[in-house]
Amino acid sequence: MNLTEAGIMIKLFQRMRDNRKLAIATLLLSTLIFMLASAFWRGGAAEGALAALLCPLLLLLALAGQLSSLLALLQKPRK
C-alpha cells in the first residue's frame with residue numbers, strides 16, 4: 001500500500017485522536033524541538049547555510065506537530 005505524505009499525516013492524526021498519551025507526547029516533543037530550534041537560531045549559533053536552512057524547517061515541523069496534537073486533543077476519541 002503506497003501512502004502519500006498527506007495519508008501518513010492523516011493516519012498519525014487519527015492515532016493521536018484515539019491515543020491521548022501519544023498526542024500529549026507529540027505535543028511535548030514538538031514544543032521541545034520548537035524551543036531548541038528557536039534558541040539555536042536566534043542565539044547566534046546557527047552560522048552557515050545549512051544551519052540557517054534547517055532551523056526554520058524544524059520550526060515549521062514542530063509547529064505542525066503542536067497544532068495537530070492540540071487539534072487531536074480537542075476532539076473526542078472515537079470508539
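Which residues form a nonpolar patch on the surface? In this predicted model, the patch is made up of F34, L50, L53, L54, L57, L60, L63, L67 and L70. Taken together, these residues offer about 850 Å² of accessible area. Helix α3, which covers residues 49–74, supplies the largest share of the patch, namely eight residues.

Two members of the patch give a feel for how open it is. L57 sits in helix α3, and its relative accessibility comes to 47%. That value lies between the 20% and 50% cut-offs, so L57 counts as partly exposed. F34 belongs to the patch too, but its place is in helix α2. With a relative accessibility of 30%, F34 is likewise put down as partly exposed, because the partly exposed class takes in whatever falls between buried and exposed. As for where F34 stands relative to the residue L73, 39 residues further along or back in the chain, the two C-alpha atoms are 19 Å apart.

Not every residue of α3 is out in the open. Q66 is also found in this helix, yet its relative accessible area is just 14%. Buried means under 20%, so Q66 falls into the buried class. From Q66 to D18, a gap of 48 residues along the chain, the C-alpha separation works out at 17 Å.

How do the other helices run against α3? Helix α2 takes up residues 20–42, and its axis comes within 8 Å of the α3 axis. The two axes cross at roughly 155°. Since angles over 145 degrees count as roughly antiparallel, this makes α2 roughly antiparallel to α3. As for handedness, α2 goes past α3 in a left-handed crossing.

Helix α1, residues 5–18, also has an axis that comes within 8 Å of that of α3. Here the crossing angle is roughly 45°. An angle of that kind is neither under 35 degrees nor in the 65 to 115 range, so α1 and α3 are oblique to each other. The crossing of α1 past α3 is right-handed, whereas that of α2 past α3 is left-handed.

Put side by side, these results centre on α3. This helix gives the nonpolar patch eight residues, holds the partly exposed L57 and the buried Q66, and has the axes of α2 and α1 passing within 8 Å of its own.

Terms used: Residues are numbered from 1 along each chain as its sequence is written. This is a predicted model: local features need pLDDT of at least 70, side-chain atom pairs count only at pLDDT 80 or more; totals for chains, interfaces and linings use all residues. Side-chain values use heavy atoms; hydrogens and water are left out. Patches are made of residues with over 30% relative accessible area and no salt bridge: like charges are joined within 9 Å, nonpolar side chains (Val, Leu, Ile, Met, Phe, Trp, Tyr) within 5 Å. Accessible areas come from the Shrake-Rupley method with a 1.4 Å probe; for residues, only the protein chains shown count as cover. A salt bridge is a side-chain nitrogen of Lys or Arg within 4 Å of a carboxyl oxygen of Asp or Glu. Helices (H or I, at least four residues) and strands (E, at least two) are DSSP runs, numbered from the N terminus. Buried means under 20% relative accessible area, exposed over 50%, partly exposed in between (1.4 Å probe, protein chains only). Axes are lines fitted to C-alpha atoms, for helices over the stretch in contact, and angles run from 0 to 180 degrees between N-to-C directions. A crossing is left-handed if the near helix is turned anticlockwise from the far one by less than a right angle, and right-handed if clockwise.
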